[in-house]
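Dear colleague,

Please find below the structure that I am handing over to you. A short account of the findings comes after it.

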Amino acid sequence: MKEVKVSLRPIVSKINLPTVLKTTILPGDSIERLFIATQVGEIYYIGNGDIRTFLDIRPRVIKLGASGGGYDERGLLGLAFHPEFYLNGLFYLHYSVAGTQGPGALPEFFKPDPCDPRTLNLKWINREIQYDHIDTVEEWILQSNGLPQKRRTLLNLRRPFFNHNGVNSLNFSPETGKLVLTTGDGGSGYDPFNLSQDDMEIAGKIIEIDVVKNSFINNPPIVTRFNELPAPIQEMLTVIAKGVRNIPGISFQRFNNQYIKYAGNVGQDLVESIFSFVHYKPIPVTQLIQASLMYSKPDQEGFINFGWRGWEGCFPTSTIRGCTNNPSLDEISIAYYNESVALSGSRLQPLTSYFHKDTRPNKFGGTALTGIQPYMGNTIPSLTGSVVFTDFVRRDSQPQGRGTLAYTRVRPGGKQNDFSVIQTDYDFGSQSAFYASLGTNLGQSRLYLGVYGSMNVTDFNQGTVFEIVP
């Protein structure tokens, strides 16, 4: 892989956590505007050289940082503009709802013990009281007077833990015209209830929502499983993929009248993984429910399975017991051996992976994948046609946290590929720089990077959005 160097050009600074970066054309406007959604619930756009507020839903969003020592994965997680937003003003939000804080599904962080079958077969019980919070997916409209207004709620989802809710979780498919929702496995660690592989669970999936259909249900029930949804909402949904741990959205790259789909799985202890696929066969939720009622499996040929929780990218999911005298000899045990075996032939292989420990030249030890975007521009020729990705913070970047940019390319026949770090020349000084999000414009000729100066969501006004330039 060729070494690439880029610059970071600041666009706006001193904002809260920039979680979603999108561009669109406002009704009555003539140019694309960059929209920035923050985790706390603000949506801004850049217009005529200044930053303007598009929508502020902070009162609707759950209070962040109340638990977990200031770190939080809830909040405003998804923003998507309808492909015809310029004409119809429709856009979509995914966020964690204010006032829905619960005790959580388990009393403490979970880690499986391969020698204790009780830890391998946990069930999420008492879901109506043992949960962390509720997420909602809503349709909004920009009215003719310029004020956004909520139109309807599409889904209300009960989540077991505070983490693994997805981010940049709403995107429209240019192939189907449907809204794509990406959901994490529900959180804690190691997917304790194996929600990601259960066909009935909404967690751990990539879901298409046909927003053209109107369910005529203004306030859908709060659910965790597809079969709990009213029939009109079931009929709006198809499932593209399962086996998702946590996912920074899905992106599409046009290639020879087809689209390459990119999606990532944030890793557990070993590796971060980026997947690509062209062909897939989504399964209507109504078919999944019918198969469940018949105690059978639906036809899953062409259905995408990322392999979690049996597989962490290209490795069987493992637990690690550290060797204090020699970390290179850490003991690694396969956490879910039977699941790893069962999924070995049906899972999708990653396009590329990067490790939490890696001392090779031009590589890095990663922490968490936070964005994946194709680049089709020509101002950075070495990246044209590649897919760029971000990691939250390099493990070797202490005391100041530093995120990382890298890139890879699709190989013929879907073969796995290597990756290369993208060098940047921006001097963050003594300030930390956690790479929180990655975005692109409509033509995928520009790349935008959201950076935050702290891991704590309660440290406000430390965010900066950059454009990645030659």
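The notes below begin with the chain as a whole and then turn to one sheet.

This is a predicted model, in which local features need pLDDT of at least 70, side-chain atom pairs count only at pLDDT 80 or more, and totals for chains, interfaces and linings use all residues. Residues are numbered from 1 along each chain as its sequence is written, and side-chain values use heavy atoms, with hydrogens and water left out.

The chain contains 4 helices and 31 strands (DSSP runs of H or I with at least four residues, and of E with at least two, numbered from the N terminus). Its radius of gyration is 21 Å, close to the 23 Å that the globule rule gives for 470 residues, so the chain is as compact as a globular protein of that length (the radius is taken over C-alpha atoms, and the rule is 2.2 Å times the number of residues to the power 0.38). Of the 470 residues, 59% count as buried, that is, under 20% relative accessible area with a 1.4 Å probe, protein chains only.

One open sheet has 5 strands in the order E6-E7-E8-E9-E13, with mixed pairing (two strands pair if DSSP finds at least two bridges between them). Strands E6 (76–81) and E13 (222–223) stand at the edges with a single partner strand each, so one side of each is left without a neighbour in the sheet. Within this sheet, E8 (residues 133–142) and E9 (residues 148–159) pair in the antiparallel sense over 10 bridges. Tryptophan 140 has lysine 150, in E9, as its bridge partner.

Yours sincerely

How values were computed. Buried means under 20% relative accessible area, exposed over 50%, partly exposed in between (1.4 Å probe, protein chains only).
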